[in-house]
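Let's take a friendly walk through this structure together. Have the sequence and the 3D view open side by side, and we will go from the whole chain down to single side chains.

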Amino acid sequence: MKKLLLIVLCTLFIVSCSNKKTVVVSGKIAGGNPMERIEIVEMSGVATLPIANFGVDAQGNFSDTIQIPKNGVYTLSYGGNYGTVYLKGGENIRLSGNAGGFPRELTVEGDSKNNTFLQKTQAYLDNYFSKINQDIITQDEPKFLGQLKKFKSDLNKEMDNLAKSTGADSDVVKWKKDELDVNLLGISGQYAIMHGQVTNKPNFKVTQAYKDFQKELKGNEEAKIKTYPSYRNFVLSTIGQDFQTYAMKNQKPGVTTTEQFINYMKGQKDYSQVVKDYLTAFVATSMDMQPQQGNLDKLSKILDENIKDSDVKAGLKKVEEAIYGLKIGASAPSVDFIDVNGKKVPSSSFNGKPTLIMFYASWNPYVAESVVPMAKELTNTYKSKMNIAYVSMDDNTAAFKKSAVALLTGLDGQKLYAKGGLKSNAAQKFALYGFKLPSFLILDKDGKVASRTFMNIMDPEFKTAMDKISGITGPAIVPPQMQMQPTPAPAPADSTKVKTEAKAK
């Protein structure tokens, strides 16, 4: 019996391992810059945070093995450009392009059938809609409705043809068809809002037939609200005017837009709780979850009490940690770093004195240009009362050792490495992403979080927190470009002007 149980457990373990969504992404960017990073972001989630961040070498080559939460379409960014790519667990894909256009323009090879389908479909859609007369919004409703139905029929038929020719998976075909429905909903929504204005018919209202077609396009609304941020935008656009009116009538000091929206949605019976949860999260992350939010605890409590969906709750938690860092007063995560000699340095070794941790990566040009010069001033001011730890989030040990010498020479403090960089246990526990480097976190002498995570060393609250934890009143933090600037000599007096003024007196 025990032997049978062991076999069952081993089988379950093997199955669970095989279900991991691992994707190998490699390729080359012609003219790629090692100081630029490739980021992959899940576009459908509440958090929309990077799931991968990796660089290119001097020749523009890159390769990374990443874990994806699910098969689907992801946003890809590099050098200020954005594109999309379909990722499927177990596949290896190769991406290539030129630095000026990648990933907006890219070639996909390897396991490429799904991406080939998406690229060919998008090219067809762009060409199709480029031929549409922009004046269709002035057409009477029956004609316009007929146009929308024709768009849907024509484009779905072409997608079916492309699916057959490329061998694309059924789920990516469905994703693209549903995305088309969302886009057609957006067009229909604009017509409902603008047709009366552009045709001078202020009392225009769409008919029930129009609403029925919109309902057909919505299909499974909960599935769409979970998958497409553009659908969330569409729904919000349909209730925007009513909500603004409600918000103006119920305006109160200290009440956030999110709280007003929650109260407004309580009276909306046409939406399920799941739809309300995703819309509320969308409003919260767009409007109120900002670094300047003064009452985060209140906002978090309201969201937790009113949002029921566990995925939405988890996504908002990630956003909160990404924006604000770890909760002040909580014990700092227990992680192991290594020093330049490869010796393990546990985070608990900081205990006994307050600690400033600077997380950085050598590929971020801002570190060398601005942060290190100011960090030298910080170190000299506070080192007698605090531990100072510079933690590298570089991709590998070699890059860490190089940066510890090239960037941090002359800085007192521990030079440490979170092994694995942004893939490390430390990155996960301290909620670190590429856009949060460099960042600064203050711990008290007992290893508890004593400040929010600062991404701007010039933030006045950062100096206030440093002075408070150390007991030292430090000098103002001055940007490098303002340091050691000679006092400008007074301009030579204009004798003519002086004489004129004297006569006037």
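A good place to start is with how the chain folds back on itself: among contacts between residues at least 6 apart in sequence, 67% join residues at least 24 apart. Please keep in mind that this is a predicted model. The chain has 505 residues, and buried residues make up 45% of them. Its secondary structure comes to 16 helices and 14 strands. If you rotate the C-alpha trace onto its principal axes, the trace spans about 100 × 75 × 50 Å.

Now let's look at a pair of helices. Two packed helices are described by the angle between their axes and the distance between the axes. Helix 8 covers residues 257-265 and helix 9 covers residues 273-288; their axes lie 9 Å apart, at an angle of about 160°. Angles over 145 degrees count as roughly antiparallel, and helix 8 and helix 9 are therefore roughly antiparallel to each other. The crossing of these two helices, helix 8 and helix 9, is right-handed. Which residues meet where they pack? From helix 8 come Thr 257, Thr 258, Phe 261, Ile 262 and Met 265, and on the helix 9 side they meet residues including Leu 279, Val 283, Ala 284 and Met 287. Lys 276, Thr 280 and Asp 288 are also among the helix 9 residues in this contact.

Next, the charged side chains. How many salt bridges does the structure hold? There are 20 salt bridges. One of them pairs Glu 42 with Lys 70, with the closest N and O atoms 3.9 Å apart. Glu 42 sits in strand 2 (residues 37-42), while Lys 70 belongs to the loop between strand 4 (61-67) and strand 5 (72-78), so this pair ties together parts that are 28 residues apart in sequence. Is Glu 42 buried or exposed? With a relative accessible area of 18%, Glu 42 is buried, because buried means under 20%. Its partner Lys 70, at 36% relative accessibility, counts as partly exposed.

Another salt bridge lies within a helix. Lys 174 and Asp 178 are both in helix 4 (residues 170-198), four residues apart, which is about one turn of the helix. The closest N and O atoms of Lys 174 and Asp 178 are 2.7 Å apart. Lys 174 is exposed, with a relative accessible area of 51%, whereas Asp 178 is buried at 16%.

Further along the chain, Asp 446 forms a salt bridge with Lys 445, the closest N and O atoms being 3.6 Å apart. Asp 446 counts as partly exposed at 49% relative accessibility, and Lys 445 is partly exposed with a relative accessible area of 46%. There is also a network of salt bridges, which links Lys 88, Lys 113 and Asp 169.

Lys 113 leads us to our last stop, since Thr 166 touches Lys 113 along with Thr 116, Phe 117 and Lys 120, leaving aside residues up to four places away in sequence. Thr 166 lies in helix 3 (residues 141-166). At 15% relative accessibility, Thr 166 counts as buried. A polar atom of the Thr 166 side chain lies 3.4 Å from the backbone nitrogen of Ala 168.

Definitions and conventions. Residues are numbered from 1 along each chain as its sequence is written. This is a predicted model: local features need pLDDT of at least 70, side-chain atom pairs count only at pLDDT 80 or more; totals for chains, interfaces and linings use all residues. Side-chain values use heavy atoms; hydrogens and water are left out. Buried means under 20% relative accessible area, exposed over 50%, partly exposed in between (1.4 Å probe, protein chains only). A polar contact is a pair of N or O atoms within 3.5 Å; within protein, one must be able to donate a hydrogen and the other to accept it, and residues adjacent in sequence count only if both atoms are side-chain atoms. Contact means heavy atoms within 4.5 Å. A salt bridge is a side-chain nitrogen of Lys or Arg within 4 Å of a carboxyl oxygen of Asp or Glu. Axes are lines fitted to C-alpha atoms, for helices over the stretch in contact, and angles run from 0 to 180 degrees between N-to-C directions. Angles under 35 degrees count as roughly parallel, over 145 as roughly antiparallel, 65 to 115 as roughly perpendicular and the rest as oblique. A crossing is left-handed if the near helix is turned anticlockwise from the far one by less than a right angle, and right-handed if clockwise.
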